[in-house]
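Here's a quick briefing to read alongside the model. Take a look at the structure first, then skim the notes.

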Amino acid sequence: MCSSYAAVAQPLHRTGESLPFPFFGSSTRTSVARPPQFVSFQIGPRGAARASLIETVEEPAARTFYELLGVPETGTLLEIKQAYKQLARKYHPDVSLPDRVEEHTRRFIRVQEAYETLSDPKRRELYDRDMAKGVHLAFTSRRRGKFDEELQMANKSEWKSRWQSQLSGLKKRSMQKETPDDDNNLTWGARMRRERNK
Amino acid sequence: MASVATWDRSASSPYLQEQSGKEKVKWNFASLAERGEYFSEKPPTPLLDTIDYPIHMKNLSTKELKQLADEPRSDVIFNVSKTGGHLGSSLGVIELTVAIHYVFNAPQDRILWDVGHQSYPHKILTGRRNMMPTLRQTDGLCGFTKRSESNYDCFGAGHSSTTISAGLGMAVGRDLQGRKNHVVAVIGDGAMIAGQAYEAMNNAGYLDSDMIVILNDNKQVSLPTANLDGPIPPVGALSSALSRLQSNRPLRELREVAKGVTKQIGGSMHELAAKVDEYARGLISGSGSTLFEELGLYYIGPVDGHNIDDLTAILKEVKSTKTTGPVSIHVVTEKGRGYSYAEKAADKYHGVAKFDPATGKQFKSSTPTQAYTTYFAEALIAEAEQDNIIVAIHAAMGGGTGLNLFDRRFPTRCFDVGIAEQHAVTFAAGLACEGLKPFCAIYSSFLQRAYDQVVHDVDLQKLPVRFAMDRAGLVGADGPTHCGAFDITYMACLPNMVVMAPADEAELFHMVATAAAIDDRPSCFRYPRGNGIGVELPPGNKGIPLEIGKGRILLEGERVALLGYGTAVQSCMTAAALMEPHGLQLTVADARFCKPLDQGLIRRLANSHEVLITVEEGAVGGFAAHVAQFMALDGLLDGKLKWRPLVLPDRYIDHGSPADQLMEAGLTSHHIAATVFNILGKAREALQIMS
């Protein structure tokens, strides 16, 4: 049961449709410029499967707020502050070269957000919790304070396909229930259904 | 495309015309409000106007259904803004309600709403739309589901976590009688915390009867309500289990891997993939989806609870599947959805007073005194400042019990166990075993479900757990489901329990101190919903422990004595004032303790007066019964004493304004005065004072 699978898949479309599995080398629908998203996926000791979707942006290294600021996950508030100040000075649009202004502004905003989250102990805790769950929601706004709103947004596209398959599972289950194989071990409900159908 | 017929509801509705004295609700057709902005006048609801009962919905197209899905929303907002009530929960289930009534055929199909406070859209869609302005008022619509109100309300609710049990009962009853209707039980994630929900699911899985349980997951397990600094993450481990369900991505990925594997292996891909699919599902289910599957309910979800297409698709599928056994559908909703002020509020506007729809501001009348709830919290904080082994426990009612204030001051000493009163009591008992001083703040009517724990775990073992029973007596708009009528009866009959009740807020402070001081046995005190009367509070909010088993005399008089218990003493004082102009000086006494009784006081009153009347806001078997028992055994009833107990009548008092309820119960000061007149033979004065 304790095995690890690491699969490199194609980026998942927002609609939740799956793309051809890369093993076949079929044409991908991604543009080359965008680096692949990693879906690493392990089955843990209790059979609990976990997947971490790591969304990458231009800088492949910046996967989490911690990585962006360059502090370890156990970094203290002081370290975070210092890192933020450094990066802010580097990327602030007012001090950037004119041709890098846009890119730097974007980076600056991200750095700002990382700092806001990590410097507030409550938000940091929530962010750490999300990371532990394996979903990195870097660079999405938490301003409303709903701690798993983003979680829901990221997953809603997945839900539809999941419940569709569950519904087909229900049909199968229903067929099984209609024709119970063991006559002596009927549930109360099965017994009533049998009587009703007589 | 169905033609949209609109008829003018405001003019023709007989109910609205009856309310001549009260403000008529006018539906002015303003332009349709944009999402998030509300005008003071209700936007038009063309589709909803054509629907009186669910059967009128059956011919709507999917496009119309989508449009319809938003109309009850404005109805709910504008109605609740005028009457007050539970807003957030109803807003979260608008789409769900529309979908359920569209797919199923109530009332043949049984739809059950747990607690019932989210049933406003259900009521709107089932023939009670024009009565919504009377919501929670005397003789008006009940704020919860009520069987006697409508055929569409299958099961009355008010307390939580009962729907799966009742639904299972209805499903089994249907099976035994050979009927074919559906049973749908809607229960929230907060209510799922209670043990009864598991008892029911366990039984449902075992019996395997067809029924549908809809888990309405809005991530609000506890009611923060007033005085909160920010949103609190849900209480308890179940919520993280539910979120894991929501974020459980691996199923898809595993199946992708599996499909890839089968392709590589070749062979009959379809079969193999299906088998791997089954296997994969089972693998994940073994740990992931869970609880429900382990208990025998087929799990479907999570589903976006605000997407009416998804909801109708799923419900239709499940309905059309012939034999399902018990099925659980996990629907994710947002409490307060569609009204931006509710969405942003920490308590999601769970329970609101009248408010202005355009701004979301509630009209809270300013009173010179605060609620007893607040006084209790302040008293407890003052005690806990001086004694660091005082802890507080509540069951998902931080705002309602005032313990949010305590939690802010002592975050590590306040325990919210979720909707689990039974656990709360035994948990408190465990704390008491370790030498702590637990204060269990649970509403009088909610403590009913923990009665065995009170008897067996606390009282029998004589553990010093303190019970602070808020909402004792009649509670107004919430009605009989929340009425704390029975706590005197069920507490005072326990051998080891000290039972007391404050007459006003100052006494409440003293009783909190008294309870904190009682360390060798359990104790309890009850106080009503409402505000204090304005007596002077003890300095620093610190009460002084009272002498146990001693009452006090407030007014010295002759011939007639009124012995009040709890805030009924206030009515007694008013009654005495009413009788003064008639030349009668009444004695008014405050019993303070029901157990142990102030025997000396009762003897004194019985021996020196002709008439003794006890007054309490509780059912028969309470304070009056204990006094009667004592007097009988003491020989005080062998003489010429005229003894009358005034208690709540032996019936349930419907919801309404507190004043109306008190009138209905016959416990107003006028009633007391009339009783005195009647006993003294002055029938004429009795009638006069009652008119």
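The notes below go from the overall chain to its domains and then to one surface patch.

This is a predicted model, where local features need pLDDT of at least 70, side-chain atom pairs count only at pLDDT 80 or more, and totals for chains, interfaces and linings use all residues. Residues are numbered from 1 along each chain as its sequence is written, chains are lettered from A in the order in which they are written, and side-chain values use heavy atoms, with hydrogens and water left out.

**Chain B overall**
- Chain B packs in 27 helices and 19 strands, read as DSSP runs (helices H or I, at least four residues; strands E, at least two).
- Of the 691 residues in chain B, 60% are buried (under 20% relative accessible area, 1.4 Å probe, protein chains only).
- Chain B exposes about 26700 Å², and 52% of that comes from carbon and sulfur atoms (Shrake-Rupley method, 1.4 Å probe).

**Domains**
- An automatic or database assignment splits chain B into domain 1 (42-246 + 289-352), domain 2 (372-528) and domain 3 (552-689).
- Domain 2 of chain B and domain 3 of chain B each put 31 residues into their contact (heavy atoms within 4.5 Å).
- The C-alpha centres of domain 2 of chain B and domain 3 of chain B sit 27 Å apart.

**Surface detail**
- Leu554(B) belongs to strand E14 (residues 552-555) of chain B.
- Leu554(B) is partly exposed, at 32% relative accessible area (partly exposed runs between under 20% for buried and over 50% for exposed).
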